[in-house]
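Here are my notes on the model you asked about. Keep the structure open while you read, and look up each residue as it comes along.

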Amino acid sequence: MQRPTFLKHLLPAMGLIGVLLTVPAQAADTSAQQQLQRFQSQSGPGQVARGQQLFNSRHGYEWSCASCHNAPPVTAGRHASTGKTIAPLAPAVQADRFTETAKVDKWFKRNCNDVFKRECSAQEKADFMAYLISLRR
């Protein structure tokens, strides 16, 4: 017996849908607190005051973190050179901040290079995260 034409096309499509539904999502694999713990495990306890100093200082160069993210970073910022709007950085205000490890690593690498002209150390990242987690709207 031959299957109706629509079944010939429907069954493979249903199989593909089943495969797609079993693929784990890439987003939200972590939290800001877990990122803090990750960096602390590589360095030492993050300190809020040091993180705030890191965030607000220019470190001898043109920009600070606050140049684009505002001080404190609880409202939307604006990229210093492109003018592009940047969502609030504080996790208490922007819940999806620091929820994807790959993005966290990418943006720390890029932004530390912009601000410090080098990669940040694990201790600097721990201090930075401690500061951001301490912020409330």
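1. Let's start with the whole chain. Among contacts between residues at least 6 apart in sequence, what percentage join residues at least 24 apart? For this protein the figure is 58%. Keep in mind that this is a predicted model, so every value below is computed from predicted atoms.

2. Next, the parts list. The protein has six helices and two strands. Reading from the N terminus, the order is α-α-α-α-β-β-α-α, so you can tick them off as you scroll, given that helices and strands are numbered from that end. Of the 137 residues, 33% count as buried. The accessible surface comes to about 8800 Å², and carbon and sulfur atoms account for 56% of that.

3. Now go to helix H6, residues 122–134. How far apart should its ends be? With 13 residues at 1.5 Å a residue, H6 should span 18 Å. The expected span takes 1.5 Å times one less than the number of residues, which is worth remembering if you try the sum yourself. The end C-alpha atoms of H6 are indeed 18 Å apart, so the model agrees with the expectation.

4. Is H6 largely enclosed or not? Count the buried residues: 10 of its 13 are buried, so H6 is largely enclosed by the rest of the structure. Those buried residues are Ala122, Glu124, Lys125, Ala126, Asp127, Phe128, Met129, Ala130, Tyr131 and Leu132. The cover over them includes helix H2 (32–42), helix H3 (48–56) and helix H5 (101–116).

5. Look at how H3 meets H6. Their axes are 7 Å apart and the packing angle is about 100 degrees. That makes H3 roughly perpendicular to H6, because angles of 65 to 115 degrees fall in that class. On the H3 side, the contact is made by Val48, Arg50, Gly51, Gln52, Leu54 and Phe55. On the H6 side, the residues are Gln123, Glu124, Asp127, Phe128, Ala130, Tyr131 and Ser134.

6. Zoom in on aspartate 127, which sits in helix H6. Buried or exposed? Its relative accessibility is 3%, so aspartate 127 counts as buried. Leaving out residues up to four places away in sequence, aspartate 127 touches Pro45, Gly46, Gln47, Arg50, Gly51 and Leu54.

7. Now the cysteines. Which two are joined? Cysteine 112 and cysteine 120 form a disulfide, with 1.9 Å from S to S, and the count for the protein is one. The angle about the S-S bond is -105 degrees, and the link is left-handed. Both partners are buried: cysteine 112 has 4% relative accessibility, and cysteine 120 has 10%.

8. What about cysteine 65? Cysteine 65 is in no disulfide; the nearest cysteine sulfur, that of cysteine 112, is 7.0 Å away. Since a disulfide needs sulfur atoms within 2.5 Å, that pair doesn't qualify. Cysteine 65 is buried, with a relative accessible area of 14%. Cysteine 68 is in no disulfide either, and its nearest cysteine sulfur, on cysteine 65, is 8.8 Å away. At 8% relative accessibility, cysteine 68 also counts as buried.

9. Here's a pair from around the end of H3. Asparagine 56 belongs to helix H3 and counts as partly exposed at 33% relative accessibility. Beyond its neighbours within four places in sequence, asparagine 56 is in contact with Ser64, Ala66 and Ala71. Arginine 58 is in the loop between H3 and helix H4 (66–69), and is partly exposed too, with a relative accessible area of 45%. With the same neighbours set aside, arginine 58 contacts Trp63, Ser64, Ser67 and Val115. Arginine 58 and valine 115 are 57 residues apart along the chain, yet their C-alpha atoms are separated by 7.0 Å.

10. Finish with arginine 137, in the segment after H6. Arginine 137 is exposed, with a relative accessible area of 76%. Find glutamine 94 as well: the two are 43 residues apart in sequence and 9.9 Å apart in space, C-alpha to C-alpha.

How values were computed
Residues are numbered from 1 along each chain as its sequence is written. This is a predicted model: local features need pLDDT of at least 70, side-chain atom pairs count only at pLDDT 80 or more; totals for chains, interfaces and linings use all residues. Side-chain values use heavy atoms; hydrogens and water are left out. Helices (H or I, at least four residues) and strands (E, at least two) are DSSP runs, numbered from the N terminus. Buried means under 20% relative accessible area, exposed over 50%, partly exposed in between (1.4 Å probe, protein chains only). Contact means heavy atoms within 4.5 Å. Accessible areas come from the Shrake-Rupley method with a 1.4 Å probe; for residues, only the protein chains shown count as cover. Axes are lines fitted to C-alpha atoms, for helices over the stretch in contact, and angles run from 0 to 180 degrees between N-to-C directions. Angles under 35 degrees count as roughly parallel, over 145 as roughly antiparallel, 65 to 115 as roughly perpendicular and the rest as oblique.
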